[in-house]
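Q: Please take a close look at one part of this structure, the place where two helices pack against each other, and then at what surrounds that place. I am a first-year student, so plain wording would help.

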Amino acid sequence: MATWKFSSETQTLDEQARLRAPGSFVKLTDGFTHYELAGPEDGQVVVLIHGFSVPYFVWDATFAPLVEAGLRVLRYDLFGRGWSDRPNTRYDHNLFARQLNDLIDALGISSRVDLVGLSMGGAITATFNARQPDQVRRIVLIDPAGFRMKKPTVMLLLSLPWLGEWLLDRFGDPVLVYGQQADFLEPQKADEYLEKYKDQMQLRGFKRAILSTIRCRVIENTEVEFQLMHLQQKPVLLIWGKQDTTVPFRTSQHALQIIPNAEFHAIDNARH
């Protein structure tokens, strides 16, 4: 099948483009991964895993305080997002679990890590923990995707070959940006955040990665992996915004049935 050329993707993510990016890069099995690692070398390693489409800048307000608390903190862009490569492959659980495993190995991290997964990052956390349980010490899930819930109509449409490409090419930019803005309880506070988000949308391969992630159902079907957290008796902290409509707050009750050992905190006046 020919690759769709999205009209708004006007820049190539190459060596020259990477020079403009903050943080660091490392070449992994599937391409370059953009990351930041800071904190004392003997500190407990905490890995921050972002969600469906927002790259690692979503952790801007979290990263520095964790480092200041004495932790060794790693954040990175998932393939297809931010400044990480956009390989022409399936964006499935295998790709994202392999990326994290390769990144940990490449950075020489040998101790057990604490994983913090936001939204789709929660599903990736569950998958990685199921495959590499001995590498994971504790888990934090923030509004995690991967539990059974009704799929939005837009996701169903984007799942369809060619129609999904046409829709994302024609209407994708405003829809994606609006979706990010809607995650804020006070959308007027999202201006700087949205400007950073728009930057990655110009890099070729972003929308292809988004569509493949939807079609590979990465944000679904990880309930077995979540159940393993309970069976392993792994410490789990579950956090959910009460006003979340992206992964609706009511899903938290189902999540607690799947992971009954989780320590649960519902956050007032918080969306996704």
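**Two helices in contact**

A: In this predicted model, helix 4 (residues 120-131) packs with helix 9 (residues 223-231) at an angle of about 60 degrees, and their axes are 8 Å apart. Helix 4 is therefore oblique to helix 9, because an angle has to reach 65 degrees to count as roughly perpendicular and has to be under 35 degrees to count as roughly parallel. The crossing in which helix 4 passes helix 9 is left-handed.

On the side of helix 4, the contact is made by Gly-122, Ala-123, Thr-125, Ala-126, Thr-127, Asn-129 and Ala-130. On the side of helix 9, Glu-225, Phe-226, Leu-228 and Met-229 take part. Sorted by class, the residues in this contact are six nonpolar, four polar and one charged. Glycine is counted among the polar residues in this sorting, so Gly-122 of helix 4 goes into the polar class.

Next comes a residue from the loop that leads into helix 9. Thr-222 lies in the loop between helix 8 (206-215) and helix 9. Its relative accessible area is 1%, and buried means under 20%, so Thr-222 is buried. Thr-222 touches Ala-123 and Thr-127, two residues that also belong to the contact of helix 4 with helix 9. Leaving out residues up to four places away in sequence, Thr-222 also touches His-93, Ala-145 and Gly-146. Thr-222 and Ala-123 are 99 residues apart in sequence, yet their C-alpha atoms are 6.2 Å apart in space.

Helix 9 can also be followed toward the nonpolar core. The largest nonpolar core has 60 residues, and among these Val-47 and Ile-259 touch the most other members. Ile-259 touches Phe-226 and Met-229, which are both residues of helix 9 that meet helix 4. Apart from residues up to four places away in sequence, Ile-259 also touches Leu-141, Phe-147, His-230 and Val-236. A second core of seven residues is separate from the largest one, and it includes Val-46, Trp-59, Val-73 and Val-116.

One of the contacts of Ile-259, Leu-141, falls within the range of strand 6 (136-142), and the loop between this strand and helix 5 (153-158) holds Asp-143. The phi angle of Asp-143 is near 45 degrees, which is a positive value in a residue other than glycine. Asp-143 counts as buried because its relative accessibility is 2%.

Trp-162 can be set beside Asp-143. Trp-162 lies in the loop between helix 5 and helix 6 (163-182). Its phi is near 70 degrees, again a positive value in a residue other than glycine. With a relative accessible area of 38%, Trp-162 is partly exposed, whereas Asp-143 is buried.

Helix 6 itself holds Val-175. The relative accessible area of Val-175 is 46%, so this residue is partly exposed. Val-175 and Val-154 are 21 residues apart in sequence, and their C-alpha atoms are 9.8 Å apart in space.

Terms used
Residues are numbered from 1 along each chain as its sequence is written. This is a predicted model: local features need pLDDT of at least 70, side-chain atom pairs count only at pLDDT 80 or more; totals for chains, interfaces and linings use all residues. Side-chain values use heavy atoms; hydrogens and water are left out. Helices (H or I, at least four residues) and strands (E, at least two) are DSSP runs, numbered from the N terminus. Buried means under 20% relative accessible area, exposed over 50%, partly exposed in between (1.4 Å probe, protein chains only). Axes are lines fitted to C-alpha atoms, for helices over the stretch in contact, and angles run from 0 to 180 degrees between N-to-C directions. Angles under 35 degrees count as roughly parallel, over 145 as roughly antiparallel, 65 to 115 as roughly perpendicular and the rest as oblique. A crossing is left-handed if the near helix is turned anticlockwise from the far one by less than a right angle, and right-handed if clockwise. Contact means heavy atoms within 4.5 Å. A nonpolar core is a set of buried Ala, Val, Leu, Ile, Met, Phe, Trp, Tyr and Cys residues joined through side-chain atoms within 4.5 Å.
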